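Notebook open, viewer up. I'm jotting down what I look up as I go.

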Amino acid sequence: MNLGRLTIGILLVILVLVVLMPATFLQAIFTVIPAQYQDMIPEQLLQNTGTALAEFSVMTARPMTAVSVYDFFIAKHPDQADLYRLKSDALIAASDDAGAIKVLDQAISLDPSNPLLLIKKARLLLKTGRSSEADAVFSQILQIQTNNPQYLSVIADIALEKARYLEAYERYSSLVNLTPNDAQNWEKRSDVIFALLTIPTAGANASLSLKQTDLYTPGINGYEQAVRIDPGRDAVIKVKMEKRSDKFVARTIQELEDRYQEFRYLQPGEKPINP
């Protein structure tokens, strides 16, 4: 009985040490286990275990413990960008934004076309007051060409956030072709279309063929497609469609520009297009 209690006590102590010092636990595995047997430990299982322990450390307000776990894996796999991303998240939790940016730079050097890494860096730069550097990173994101739907969605959202409506239109158009069953992409594409048809300067740099293209019809059709895929958005989208009556909204960018050239104004207080 005493032996059983002792065993349980030892196991509890080990468990506490694993939770409190996961990096030390992981290092001990490779110290205790003979080298010829180390390859028998599944690497993915080891990383999953380490990541779970690191995430628990962050949840329990011990982010630097998580950093030490990721440092352990980075030493073993210095070419895995995702490990640097996870380490940067832990550093952000530790309020070390400057350190997180440096680690993100390491991740980006390994995966320079990953907009998920770039947008994280841009947000951190904004947070630390480095807005001009952040703008440069946002521009870098918008230059990425990809058919990866996840990446393309991030790039499209950034284009929309930055009021780069023509670029957003192009990206969302690619997205609805790649992911025709994604209601959100159809809705966002239609939102962008009606921005182009209601904001006089939004399509100023569009090609002549695009300016003369009927965008109103695909804009409405996009909203209808979004509702078919996700009926739960019906009420919200119905309001959007009611605000975009074809009696008031131009059908093409050219028509919108012609209206404002005719009336010689853009918005109250702004200069005319062609005075």
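**D71 and K87.** I started with D71, which counts as partly exposed at 34% relative accessibility. This is a predicted model, so I read every value below as computed from it. D71 pairs with K87 in a salt bridge, and their closest N and O atoms are 2.7 Å apart. I checked where each one sits: K87 is in helix α6 (residues 81-93) and D71 in helix α5 (residues 63-76), so the salt bridge ties together parts 16 residues apart in sequence. Is K87 buried or exposed? K87 comes out buried, because its relative accessible area of 15% falls under the 20% cut-off. D71 at 34% is over that cut-off but not over 50%, so I file D71 as partly exposed.

**K127 and D97.** Next I pulled up the salt bridge of K127 with D97, where the closest N and O atoms are 3.3 Å apart. K127 belongs to helix α8 and D97 to helix α7 (residues 97-110), and the pair links parts of the chain 30 residues apart. K127 is exposed, with 54% relative accessible area. D97 is buried, at 13%.

**E187 and K240.** I then looked at E187, which forms a salt bridge with K240; the closest N and O atoms are 2.7 Å apart. E187 lies in helix α12 (residues 183-196) and K240 in helix α15 (residues 234-242), so this pair ties together parts 53 residues apart in sequence. Both E187 and K240 are buried.

**Network and total.** Which residues do salt bridges with shared partners join into one network? I get D82, R85, D89 and K120. Searching the whole structure turned up 17 salt bridges. Note to self: side chains of opposite charge can pair when their charged atoms come close.

**α8 against α10.** Since K127 had taken me to helix α8, I went on to its contact with α10. The axes of α8 (residues 115-127) and α10 (residues 149-161) come within 9 Å and cross at roughly 35°. From α8 I listed P115, L116, I119 and R123; from α10, Q150, Y151, V154, I155, I158 and E161. Sorted by type, the residues of this contact split into seven nonpolar, one polar and two charged.

**T51.** I also clicked on T51, in helix α4 (residues 43-59). T51 is buried, since its relative accessible area is 19% and the cut-off is 20%. Leaving out residues up to four places away in sequence, T51 touches Y70 and L86.

**Core.** How many residues does the largest nonpolar core have? I find 65, and I141, L196, L197 and L215 have the most contacts inside the core. I followed up L215: beyond residues up to four places away in sequence, L215 touches Y169, I193, L196, L197, L210, R251 and I253. Two of those partners, L196 and L197, are on the most-contacts list too.

**Whole protein.** I left the overall numbers for last. The secondary structure is 16 helices and zero strands. Of the 275 residues, 40% are buried. Taking contacts between residues at least 6 apart in sequence, I see 55% joining residues at least 24 apart. The accessible surface comes to about 15300 Å², with 57% of it belonging to carbon and sulfur atoms.

Conventions
Residues are numbered from 1 along each chain as its sequence is written. This is a predicted model: local features need pLDDT of at least 70, side-chain atom pairs count only at pLDDT 80 or more; totals for chains, interfaces and linings use all residues. Side-chain values use heavy atoms; hydrogens and water are left out. Helices (H or I, at least four residues) and strands (E, at least two) are DSSP runs, numbered from the N terminus. Buried means under 20% relative accessible area, exposed over 50%, partly exposed in between (1.4 Å probe, protein chains only). Contact means heavy atoms within 4.5 Å. Axes are lines fitted to C-alpha atoms, for helices over the stretch in contact, and angles run from 0 to 180 degrees between N-to-C directions. Ala, Val, Leu, Ile, Met, Phe, Trp, Tyr, Cys and Pro count as nonpolar, Asp, Glu, Lys and Arg as charged, and the others, Gly among them, as polar. A nonpolar core is a set of buried Ala, Val, Leu, Ile, Met, Phe, Trp, Tyr and Cys residues joined through side-chain atoms within 4.5 Å. A salt bridge is a side-chain nitrogen of Lys or Arg within 4 Å of a carboxyl oxygen of Asp or Glu. Accessible areas come from the Shrake-Rupley method with a 1.4 Å probe; for residues, only the protein chains shown count as cover.
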